[in-house]
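Visitor: Could you give me a close look at one part of this model, and then show me what lies around it?

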Amino acid sequence: MRPVYAFHGGIHPPENKQQSTSQPIRFAGLPQRLIIPLQQHAGAPAQPLVSPGQHVLKGELIGEPQGKISAAIHAPTSGTIDSIALLPVAHPSGMSDWCITLIPDGKDTWAPRHPVADFRQLEREELLERVRYAGIVGLGGGGFPTEIKLHPPLHDNVETLILNGAECEPYITADDMLMRERAEEIVRGMEIMAFILRPQTCLIGIEDNKPEAITALRKAVEGTRIEVVVVPTKYPSGGEKQLVKLLTDIEIPHGHIPADVGVMCQNVGTALAVYRAIRHGEPLISRITTLTGDALAEPGNFETLIGTPVRYLLEQAGVDYGATRRLIKGGPMMGFTLETPDVPVVKTTNCLIAATAEEFPDPAPEQPCIRCGQCAEACPMDLLPQQLFWFARAQEFDKAEHFNLFDCIECGACAYVCPSSIPLVQYYRYAKGEMREQLADTLKSDRARQRFEARQARLEREQAEKEAKRKARAEAAAKAQAEKASTPVDERAAKAAAVQAALARKGMTTPEAPAPALPDRAELQAQLDKAQEKLAKMQQALDDARNSNSDQVEKLERAVAKNQERVLQAEQALQAAKPAATPAPERQPDLTELQAQLDKAREKLAKMQQALDDARSNNPAQVEKLERAVAKNQERVANAEAALNIAQAPAASATAAEVPDLPTLRDQLDKARNKLAIMEQALADADAPEQVEKLQRAVAKNRERVALAEQALEQAKSTATSE
Amino acid sequence: MLTSVLIAVAVLLGLAALFGGLLGYAAERFRVEGNPIVEQIDALLPQTQCGQCGYPGCRPYAEAIASGDAINKCPPGGEATIHALADLLDVEPQPLDAEHGAAQAKRVAVIREDECIGCTKCIQACPVDAILGAAKHMHTVIESECTGCDLCVEPCPVDCIDMVEIQPDIRGWHWDKPTPAQRLQIIASDRQGATA
Amino acid sequence: MAFVKLSSPHAQGARRTSQVMQWVILATLPGLLAQTLFFGWGNLINVVFCVALAVAAEALILKLRGKPVGFYLNDYSAVVTGLLLGLALPPLAPWWIPVVAVFTAVVLAKQLYGGLGSNPFNPAMVGYALVLISFPVAMTTNWAAPEGLTAAPGFLETLSIIFAGQQVAPDTFTMATPLDVYKHEISASLASDVRQLPMFGDWVARGWEWVNLAFLAGGLLLLWLKIITWHIPVSMLGALAFMSLLFGWNPDLYTPLSLHLLAGATMLGAFFIATDPVSAATSRIGKLWYGAGIGVLIYLIRTWGSYPDAVAFAVLLMNFAVPFIDYYTQPRTYGHSKARRGAPGKNG
């Protein structure tokens, strides 16, 4: 006789099981429509494989598992897909979820099945794959995909396989009836699981309030190495952690799964589903659901197709909706209320209770907690529910977590015994939900922070790049100036400096990855010379060939063409290089440099002029001085203009290369236009007469500048097109 | 007589020195190295980077709080953030400063894509780079990264950005905190229903 | 068709807070009966008077706090507080002593902390300790002699003693408690001589032994009903016995164990006062420490302190220690290798 251990706490609520065990399992029948939610399990929803209007056969895959933890769904009968839509589902929130609606055709035609007479002929992987595609999930209520569970972590060895037939919650008798009527199939299913897992011990745990089921199972396990272990009736002995403790004295460590300590629990209904999937090739399309509660005329257990509307199902048991006060999915301890019967039965719907107000009276008003400690005595996880309540109510979630809130299995034993009618479980659910939400928020805000910081860094980098570019330009200008001032240096150095400056100007857009260094002009010239030489040679050869051997003409022609192209390319490259590396054979001042000087002089002049104007109206004493200064500046401007003209003339005549490139010109034009617009705006806004006058002058100047820029652009364009 | 007084004084002085030394040592030896306060404050802020506080992002506001600014300028964080900050800084929680806006439900930006002209203005405004798109091409918001900061709404020249409240989702749902009043109310309303 | 939406569990145990309190009240009846039989009408009058005062005080303060009076009075906690004071106060104490004690208990110790469930100290014991410190003579000499109901002052006479200040001859009807007497006498004589005093009777202490046994019976009823757990009474009585055997094994020098257990308020304290869940430690291990602390303190105060009985002080002192005890005595949760300690952020 195998010893049975004990777990802390637990309660003995009235069982109320006899109402639904008087009749054998009945078939619920085929409703008008079946509503099959895509998510009936833990993990990701199934991916629908059908479209409205499509005809499907019974057992046909209509939704395939998506991602690692997911389960397949199948058509429970043959018929036509009506829609895939958001419909109310059995969920404590009362919200809707995606469901496939199937209109049965009444023929109940099976899709081809692939039964396996002897599962030992199959590989384990093959068996697991079949379990996965049969859509089997934990039928005890958790709904965890069975195939995933049967794949324990590689390093763990399942030593004890436990079949959970405890069914400790009051009212529910689905597993009880299943064990009474289909013990043989359950045991076969367990053998398949054992074949996959190779455990040393196989146990079926069952509470001592189910003598018929115990007898049936004991008979069925004869000749196998499976042991039926009877445990005392106490809620929640059917909780996975509690049953493991009862049968093996092992506690599943916090944050681990049973497989981590060599144990695995499966529900008896799951074992049956595995058997049917392997032996008969039937996917999980129906389950046993207990219908009970005082509002039902004929309570009992029904074999129900997945997707059957609860309303239809309850009508089979003679429901009196007028007398129904609470409609519960699941048991009275852990189930949740349904606000409407227009939701479908899913794979985890083990029980439906249509309860009258007398059966489950509305909760009494919450009284203050007197810390009586009844809850701590009842807690099967050995928590301090009264402290958790205190923290949850005060929203001190960190303290609640410290008191192991997340070990709470929400069995409801504490709230059951609470003399102050405090809805303790709801407090814990609220606290857990809030904490999960906070965690999600923290993760999201961390991500937002990262993205924000990355963006800030990027903006700063761009700013720095711009700054560097500006600096480099200024430096280059300074260098050119210095060069101009210095006495003639040897030509190569000058060229190097010029190339450097050009590089600085051209290459600064991407300072970390400089553009391939511009080939220097001499080199380009050399290349061009070489290409021309080669071309000449080719031409020569071609001529020769034409005269002597006509065979090669074509080839040579092609070669000549190629070479001509090459020469052309070299010429272009040379021209491109020219504006960059403005040669200084006569030490000509750089054009831009001159332009800059001119601009500066003009600016200064304008300023002076303005000062002069001001002085004329305000300070006659300074007029003379200023007039002299202005005259001097005018002279300077004139000089600068002259110098520029001189410089421009040879540059323009020498090559067309000095023409500034189009985008730059366009840019300048845009800038000038912008400035003009700003000025005009300012002019429109201005009201003081002297300001108006000043602005008018500025506008006129700017208009001129724009016109100039436009002209320059036009010119550049025409040269570009003519080339 | 005098000697005993002296002895007493000496002993007391000795004890004072001893315990003073012990305390000093303990304070050094077991000093708790905390995060810099700015980091801790920043960790509590919601990171919407919306700038409603008047600072160009959450981190600058965290720095401002660390140097003494009020803790009630963050509408997206709402009461919860104010309480967390008050807790951290050991000050009294204050109500949200209405000047900086009111707390509202979590929202995300959604671009009405057929109206978008592809001007990239919203992309430049987004503090967390949660808008995708290129010039003259339609833009779209990466919803999972959007912090609901509103900053993209203003720059949009064609007003094609909506701030949409995040609808409760069946997978994110959880039970509310029970309120005694709520329970009593259920009972009261049901009684009425029963008599009617 | 919409059904109610409620969180599980849907089934509810039958027991309510008011029922818990009613059972506690019921369980004190044997003790009250024994007190009345041995000490006369004083206790009964006290109990009724205190309960009425307590309910009135509770109603008044609930009204002032703007709370629903009927809803909170229905939990019977005020009745229990008044009842415990009525049982603990000397039967012939003048009327103003219960008044002060009850108001202190209900108003100061309970409602000002937020009402039932929020009081850190046992309200009845706060009231008791206050009057004990304030009126030590009236509190220690007004015990009726255990002469039996027939020999004690009649019902009307008792009323007159309590409410009209009628004088009673000391040592005929009123006297100090046996604990008090033994402690004083033993310093000058031998145990056998002290035992000769009529108040010690034939067994432990005349009358007192039956009162204590009656409270023990009531306590066992509560244990059987699982309204209290065994931890606090057992550890408290065990610690008291242990201390008594360790230090007071010689009855010629110290009060013997039998007197410790069966005289004074020991059993009332062990089963009805120390077990007040609101102000006691939370976990099972915590309750053991809490009870043991009370037992040790009772012995220390009774033996070396200046008060003859010490339940009130011991309980109040351990109330102070409850947060500390709770900090270190959380149970080991299923699946955890060891119990958590303290609060988050600390050495958990």
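Guide: Happy to. Let's start where two chains meet: in this predicted model, 57 residues of chain A and 39 residues of chain C make up the contact between them. On the chain C side, helix H1 (residues 17-39) of chain C gives the largest share, three residues. Sorted by class, the side of chain C that touches chain A has 17 polar, 16 nonpolar and six charged residues. Just ahead of that helix there is a backbone detail to look for: the peptide bond from C:Ser8 to C:Pro9 is cis, with omega near -5°, and C:Pro9 lies in the segment before H1 of chain C.

As for confidence, chain C averages a pLDDT of 86, and 93% of its residues score at least 70. Among the elements of chain C, helix H12 (residues 231-247) of chain C has the highest mean pLDDT, 94, whereas strand S2 (residues 174-175) of chain C has the lowest, 62. For the model itself, the scores are ipTM 0.87 and pTM 0.74.

Now cross over to chain A, where I'd like to spend most of our time. Chain A has 723 residues, of which 39% count as buried, and its elements are 20 helices and 17 strands. Among contacts in chain A with a separation of 6 or more, 72% come from residues 24 or more positions apart.

The part I'd zoom in on is an open sheet of six strands in chain A, in the order S1-S14-S13-S17-S15-S16, with mixed pairing. Its edges are strand S1 (26-27) and strand S16 (336-338) of chain A, each of which pairs on one side only. In general, strands of a sheet pair through backbone hydrogen bonds, either parallel or antiparallel.

Put your cursor on strand S13 (286-292) of chain A, and look at its two neighbours in turn. With S14(A), S13(A) pairs in the antiparallel sense over six bridges; one place to see this is A:Ser286, whose bridge partner in S14(A) is A:Leu305. With S17(A), the pairing of S13(A) is parallel, over three bridges, and here A:Thr290 has A:Cys351 in S17(A) as its bridge partner.

How buried is S13(A)? Seven of its seven residues are buried. Both faces are covered: on one side sit A:Ser286, A:Ile288, A:Thr290 and A:Thr292, on the other A:Arg287, A:Thr289 and A:Leu291. So both bridge partners named above, A:Ser286 and A:Thr290, belong to one face of the strand, with A:Arg287 on the opposite face.

A helix also comes into this picture. Helix H3 (residues 174-181) of chain A lies across S13(A), strand S14 (300-305) and strand S17 (351-355) of chain A, and runs at about 120° to S13(A).

Moving along to one edge of the sheet, strand S15 (residues 326-329) of chain A pairs with S16(A) in the antiparallel sense over three bridges. There, A:Leu327 stands opposite A:Leu338 in S16(A).

Before leaving chain A, let's check a few backbone angles. Most residues other than glycine have a negative phi, and most peptide bonds are trans. A:Arg371 is not a glycine, yet its phi is positive, about 55°. A:Arg371 lies in the loop that runs from S17 to helix H9 (374-378) of chain A, and it counts as buried because it has 23 C-beta neighbours inside 10 Å, where the cut-off is 20 or more.

A:Asp249 also has a positive phi, of about 65°, without being a glycine. Its place is the loop between H6 and strand S12 (263-267) of chain A. A:Asp249 counts as exposed because it has 12 C-beta neighbours inside 10 Å, and 12 or fewer is the limit for that class. In the loop before H6, between strand S11 (226-231) and helix H6 (240-248) of chain A, you will find A:Pro236; the peptide bond leading to it from A:Tyr235 is cis, with omega near 0°.

Finally, a glance at chain B: six helices and four strands, following the pattern α-α-α-α-β-α-β-β-β-α along the sequence. The domain assignment splits out domain 1 (37-100) and domain 2 (107-165) of chain B, with 26 Å between their C-alpha centres. Six residues of domain 1 are in contact with seven of domain 2, and the domain 1 side has five polar, one nonpolar and no charged residues.

Methods
Residues are numbered from 1 along each chain as its sequence is written. Chains are lettered from A and ligands numbered from 1 in the order in which they are written. This is a predicted model: local features need pLDDT of at least 70, side-chain atom pairs count only at pLDDT 80 or more; totals for chains, interfaces and linings use all residues. Domain bounds come from an automatic or database domain assignment. Ala, Val, Leu, Ile, Met, Phe, Trp, Tyr, Cys and Pro count as nonpolar, Asp, Glu, Lys and Arg as charged, and the others, Gly among them, as polar. Two strands pair if DSSP finds at least two bridges between them. Axes are lines fitted to C-alpha atoms, for helices over the stretch in contact, and angles run from 0 to 180 degrees between N-to-C directions. pLDDT is the predictor's confidence in each residue, from 0 to 100.
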